[in-house]
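Here are my notes on the model you sent round. They are set out as numbered points, to be read with the structure open.

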Amino acid sequence: MSILGLSAQEGDLYQYFLHHPGEAAAQAEIGGMSRSAVDEAVERLCQLGLLEVAEGNEVFAIAPEAAIDRLTDLRLQQLHQELRGITRSRRLVGELRAAQEPGAFPAHTIERLRDPVAVRERVDRLTLLARREILSVQPYADQGHPALLRALRRGVRVRTVVAGEALREGPALSRIRSLAQHGAVVGVVDRLDEHMLVYDGRIAVVPEDAGDASHDVLVVQEGGVVKSVCALFDRIWDGARKPADLERPVAPSAPTEGERQILTLMCQVSKDEIGARAMGVSVRTYRRRIADLLTALDAGNRAQAALIARERGWI
């Protein structure tokens, strides 16, 4: 339950009182926890509303469904506040620029990224910081898809160009439709070799080899280069057709019983070993099933999977 803001000990204590309702806190025995640590954890869980103490000091845990809903709401509120803080921090750029002496630092306007994980993290971060418009040319709309959906919910305009064959691919078509349903404007071309992302007309992400996105990726902040990338996007956009049927609502398929069980355990237990035992499978199999679920939800990590699943009403 760590992704929902509980420590491992607090998660264990909540589960303890699920299995021992009505027991006094003084009698609780949690491996590795001192009496003072138990008392502090009980107090915090009571503040969160996950535990209730009766007049006789008997402790009761609220139902798991209610606990997960409460923790999820609290965590989402915290994330929203953090996002607002990050947004406000952008004003510091002007102050720091004003304090910078001319020539004090070299202007790094082009950065090369070689690690695919670093590329994915940078794309997600740039998408998070975008405020006006994101331009995207991706044959299968596969890079940064969950982050793009969140940008659309914030009111950021998204224009994306995809390849025609993507409309015949199951996962790709699902991604493209979800973008369109959240307000993105989609253009389709028969053949697409280019890859690019442009954020607010200021930062472009392009492959070093224009015809091969698997090569090193360049993050460009050089104004003239970014303008050229935007001009290339405009030429591609002008030649793309705008299919109207992508906005047709497509209800996400209901989770299987196995997916629902994985989601529940992923939110409730702090260790994979505990989840694997609950399912009666090996830790390796448990982790593989979580990986399959992340793929099905198009999520980059477990926290994203929990948020997406909640948006779909799966948990």
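**Notes on the predicted model**

1. Strands β5 (residues 133-137) and β8 run antiparallel and are joined by four bridges. One residue pair to look at is L135, whose bridge partner in β8 is V198. This is a predicted model, and the points below should be read as comments on a prediction.

2. Which way do the residues of β8 point? M196 and V198 point one way from the strand, while L197 and Y199 point the other way. All four are buried, so neither direction from β8 leads to an exposed side chain among these residues, given that buried means under 20% relative accessible area.

3. The loop between β8 and β9 contains D200. Its phi is near 55°, a positive value in a residue other than glycine. Most residues other than glycine have a negative phi. D200 also counts as buried, at 8% relative accessibility. I would look at this residue in the viewer together with the strands on either side of the loop.

4. The largest nonpolar core has 28 residues. Those with the most contacts inside this core are I134, L179, Y199 and V205. Which elements supply at least two residues each? They are the helices α5 (116-129), α6 (145-153) and α7 (170-181), together with the strands β6 (157-163), β7 (185-189), β8 (196-199), β9 (203-209) and β10 (212-220). In soluble globular proteins, nonpolar side chains tend to be buried together.

5. What does L179 touch, leaving aside residues up to four places away in sequence? Its contacts are A141, H145, L148, L149, L152, T160 and A184. A second core, separate from the one that holds L179, has 25 residues. L4, F17, V42 and A306 are among the residues of that second core.

6. The structure holds two aromatic pairs. In one, the ring centres of Y16 and F17 are 5.4 Å apart and the planes stand at 90°, so this pair is edge-to-face. Both Y16 and F17 are buried. In the other, F233 and W237 have ring centres 5.8 Å apart and planes at 15°, so that pair is stacked.

7. F233 and W237 both belong to helix α8 (residues 223-238), and because they are four residues apart they are separated by about one helical turn. An α-helix has 3.6 residues a turn, so residues three or four places apart point the same way. Are these two residues buried or exposed? F233 is buried, with a relative accessible area of 0%, and W237 counts as buried at 10% relative accessibility.

8. W237 also has charged groups over its ring. The charged end of K242 sits over the ring, 4.7 Å from its centre. R159 lies over the face of W237 as well, at 5.2 Å from the ring centre.

9. Helix α10 (residues 272-279) has D272, G275, A276 and M279 buried. Seen down the axis of α10, these buried residues fall within an arc of 100°, so they line one face of the helix. Just after α10 comes G280, which takes a positive phi of about 75°.

10. An open sheet of three strands has the order β1-β3-β2, with antiparallel pairing. β1 (23-24) and β2 (51-53) are the edge strands, each pairing on one side only. Two bridges join β1 to β3 (residues 58-61), and E23 stands opposite V59 in β3. Three bridges join β2 to β3, where the bridge partner of E52 is F60.

11. How many residues lie between β2 and β3 in their hairpin? There are four, and N57 in the turn has a positive phi of about 70°.

12. Some totals for the whole chain. The protein has twelve helices and ten strands. Of its 315 residues, 39% count as buried. Among contacts with a separation of 6 or more, 65% are between residues 24 or more positions apart.

Terms used: Residues numbered from 1 in each chain as written. Predicted model: local features only at pLDDT ≥ 70, side-chain atom pairs only at ≥ 80, totals over all residues. Heavy atoms only, no water. Buried < 20%, exposed > 50% of the residue type's maximum accessible area, 1.4 Å probe, protein only. Arc of directions from axis to C-beta. Core = buried A, V, L, I, M, F, W, Y, C linked by side-chain atoms within 4.5 Å. Contact = heavy atoms within 4.5 Å. Phe/Tyr/Trp six-rings, centres within 6.5 Å; stacked < 30°, edge-to-face > 60°. Lys NZ or Arg CZ within 6 Å of the ring centre and 35° of its normal. Pairing = 2+ DSSP bridges.
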